[in-house]
Amino acid sequence: MDLGLRNRVVMVVGASRGIGAATARLLHDEGARLVLVARDATALDSLRRSLPGDGASALALAADASHPGALEAAVAAGLDRFGAMHGLAVF
């Protein structure tokens, strides 16, 4: 399927496991660049490395979305790395 996401940047919050990780894989398969956010740094890095291309098109950021400023910092890091932010998925 073509969702028109090639080279779009999508932040996936809660990406370390379950439906968040599955969504991140699907978005990556559609050509999206990813900002992966969750509390578990080890699981996030494992997901990033498991993506085709060794995760070069993904940025993994360990953060607790319930903490003030955490998501703002993640958006800033994504903008710094990829220059844009086109979508958000929260799990």
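Where is M1 found? I looked this up at the start, in what is a predicted model. M1 is found in the segment before β1, and β1 covers residues 9-13.

**Entry: the start of the chain**

I checked how open M1 is and got a relative accessible area of 74%, so M1 is exposed. I then looked for partners on the surface. M1, L3 and L26 make a nonpolar surface patch of about 330 Å².

N7 also lies in the segment before β1. I noted its backbone, since N7 has a positive phi of about 65° although it is not a glycine. Its relative accessible area is 47%, so I put N7 down as partly exposed.

**Entry: the sheet**

In what order do the strands of the open sheet lie? I read four strands in the order β3-β2-β1-β4, with parallel pairing. The edge strands are β3 (58-62) and β4 (87-90), each of which pairs on one side only. I also took down the turn between neighbouring strands of this sheet, which is 15° on average with direction ignored.

As background, strands of a sheet pair through backbone hydrogen bonds, either parallel or antiparallel.

I went through two of the pairings. β1 and β2 are joined in the parallel sense over five bridges, and V9 stands opposite R33 in β2. Strand β2 (residues 33-38) runs parallel to β3, and five bridges join them. A38 has A62 in β3 as its bridge partner.

**Entry: strand β1**

Is β1 largely enclosed or open? I found that five of the five residues of β1 are buried, so the rest of the structure largely encloses this strand.

In a regular strand the side chains alternate between the two faces of the sheet. I followed the directions in β1: V9, M11 and V13 point one way, while V10 and V12 point the other way. The residues on both sides are buried.

**Entry: V37 in β2**

I chose V37, found in strand β2, as the next stop. Its relative accessibility is 0%, and the cut-off for buried is under 20%, so V37 counts as buried.

Which residues does V37 touch, not counting residues up to four places away in sequence? I listed M11, V12, V13, G14, A15, L44, L61, A63, L71 and A74. I also looked up V37 and G20, which are 17 residues apart along the chain; their C-alpha atoms are separated by 9.6 Å.

**Entry: L71 in α3**

L71, one of the residues that V37 touches, lies in helix α3 (residues 70-82). With a relative accessible area of 30%, L71 is partly exposed. Not counting residues up to four places away in sequence, I found L71 touching M11, V13, V37 and A65. L71 and M11 are 60 residues apart along the chain, and I noted 9.7 Å between their C-alpha atoms.

**Entry: helices α1 and α2**

Is H28 buried or exposed? H28 is found in helix α1 (residues 18-29), and at 10% relative accessibility I count H28 as buried. I left aside its neighbours within four places in sequence and found H28 in contact with L34, L51, P52 and S57.

Last, I looked at helix α2 (residues 41-50). Helix α2 lies across β2 and β3 and runs at about 175° to β3.

Note on methods. Residues are numbered from 1 along each chain as its sequence is written. This is a predicted model: local features need pLDDT of at least 70, side-chain atom pairs count only at pLDDT 80 or more; totals for chains, interfaces and linings use all residues. Side-chain values use heavy atoms; hydrogens and water are left out. Patches are made of residues with over 30% relative accessible area and no salt bridge: like charges are joined within 9 Å, nonpolar side chains (Val, Leu, Ile, Met, Phe, Trp, Tyr) within 5 Å. Accessible areas come from the Shrake-Rupley method with a 1.4 Å probe; for residues, only the protein chains shown count as cover. A salt bridge is a side-chain nitrogen of Lys or Arg within 4 Å of a carboxyl oxygen of Asp or Glu. Helices (H or I, at least four residues) and strands (E, at least two) are DSSP runs, numbered from the N terminus. Buried means under 20% relative accessible area, exposed over 50%, partly exposed in between (1.4 Å probe, protein chains only). Two strands pair if DSSP finds at least two bridges between them. Axes are lines fitted to C-alpha atoms, for helices over the stretch in contact, and angles run from 0 to 180 degrees between N-to-C directions. Contact means heavy atoms within 4.5 Å.
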